[in-house]
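Colleague: Could you walk me through the side-chain pairings in this model? I am new to this, so please explain the terms as we go.

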Amino acid sequence: MFIKSALERILQGKYIFADGLEYKDKKWHYCDGYDRRFYTEICSGLKPAGISQLTSLDPPRKIPEGCYDCGDGFYNPETRVIVDYKLQFLRNADDDEHEWIIRTCRKAWDETSEHKLKP
C-alpha cells in the first residue's frame, strides 16, 4: 500500500520532503538564490540575530571530527568515504564529489578568516 501510494505520488509529480516541504513542478521558488531560508524557517520564522540555523535540522547533526556533512551522510576526506548518518558505508567519493564537498559542505570545525584592508 505504502509503495503504491509513493509510486502514484511520483507519477503525479508530487514529492514531499522530510521537513514537510512539498515540491512543485511549476513556480518553484525554494532555494532560488533570492530567499535562502530553510523551509522550517519559512514556517516557524527566523531565529534572533547571532543564532543562525545552519541546517534544516535544528539543532544540526554533530559532525564527526575531521569530516563534512554532505547531505546524505558524513564524508571523511582522508579516506574519501561517505557513510550515512548511522555510520554505515554509502560510497567512495570520486574527484568531482570530493572537490564539491570540500568547497561547499558544512564541516566539523570552525575556521576564521582575516579581513585584509586594501592598500
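Colleague: How many salt bridges does the structure hold?

Modeller: The structure holds 4 salt bridges, where a salt bridge is a side-chain nitrogen of Lys or Arg within 4 Å of a carboxyl oxygen of Asp or Glu. Please keep in mind that this is a predicted model, in which local features need pLDDT of at least 70 and side-chain atom pairs count only at pLDDT 80 or more, while totals for chains, interfaces and linings use all residues. Residues are numbered from 1 along each chain as its sequence is written, and side-chain values use heavy atoms, with hydrogens and water left out.

Colleague: And what is the idea behind such a pairing?

Modeller: Side chains of opposite charge can pair when their charged atoms come close.

Colleague: Which side chain does Arg106 meet in a salt bridge?

Modeller: Arg106 meets Asp69, with 3.7 Å from N to O. This pair links distant parts of the chain, since Arg106 is in strand β7 and Asp69 is in strand β3, 37 residues apart. Helices (H or I, at least four residues) and strands (E, at least two) are DSSP runs, numbered from the N terminus.

Colleague: Is Asp69 buried or exposed?

Modeller: Asp69 counts as buried, because its relative accessibility is 11%, and buried means under 20% relative accessible area, exposed means over 50%, and partly exposed is in between (1.4 Å probe, protein chains only). Its partner Arg106 is partly exposed, with a relative accessible area of 23%.

Colleague: What about Arg80, which residue does it meet in a salt bridge?

Modeller: The side chain of Arg80 meets that of Asp95, at 2.7 Å from N to O. Arg80 is in the loop between β4 and β5, and Asp95 is in helix α3 (residues 95-104), so here too the pair links distant parts of the chain, 15 residues apart. Arg80 is partly exposed at 27%, whereas Asp95 counts as exposed at 52% relative accessibility.

Colleague: Which residues are linked in a network of salt bridges?

Modeller: Asp72, Arg91 and Glu97 are linked in that way. Within this network, Arg91 forms a salt bridge with Glu97, and their closest N and O atoms are 2.7 Å apart. Arg91 is partly exposed, with a relative accessible area of 26%, and Glu97 is partly exposed as well, at 21%.

Colleague: Changing topic, how many aromatic pairs are there?

Modeller: There are 2 aromatic pairs. Rings of Phe, Tyr and Trp (its six-membered ring) pair if their centres lie within 6.5 Å, and planes under 30 degrees apart count as stacked, over 60 as edge-to-face and the rest as tilted. One of the pairs is formed by Tyr68 and Trp109, which are edge-to-face, with 5.2 Å centre to centre and 75 degrees between the planes. Tyr68 is in strand β3 (residues 68-69) and Trp109 is in the segment after β7 (106-107), 41 residues apart, and the pair links these distant parts of the chain. Tyr68 counts as buried at 6% relative accessibility, while Trp109 counts as partly exposed at 31%.

Colleague: And what does Phe74 pair with?

Modeller: Phe74 pairs with Tyr85, again edge-to-face, at 5.0 Å centre to centre and 80 degrees between the planes. Phe74 lies in strand β4 (residues 74-76) and Tyr85 in the loop between β5 (81-83) and β6 (89-92), so the pair ties together parts that are 11 residues apart in sequence. Phe74 is buried, with a relative accessible area of 6%, and Tyr85 is partly exposed, at 25%.

Colleague: What sits over the ring of Tyr85?

Modeller: The charged end of Arg61 sits over that ring, 3.5 Å from its centre; the rule is that NZ of Lys or CZ of Arg is within 6 Å of the ring centre and within 35 degrees of the ring normal.

Colleague: Where is Ile101, and which residues is it in contact with?

Modeller: Ile101 is in helix α3 and is buried, with a relative accessible area of 0%. Leaving aside neighbours within four places in sequence, Ile101 is in contact (heavy atoms within 4.5 Å) with Tyr68, Cys70, Tyr75 and Ile82.

Colleague: Last one, how many disulfides are there?

Modeller: The structure holds 0 disulfides, a disulfide being a pair of cysteine sulfur atoms within 2.5 Å. The sulfur of Cys105 is 5.9 Å from the closest cysteine sulfur, in Cys70, which is too far for a bond.
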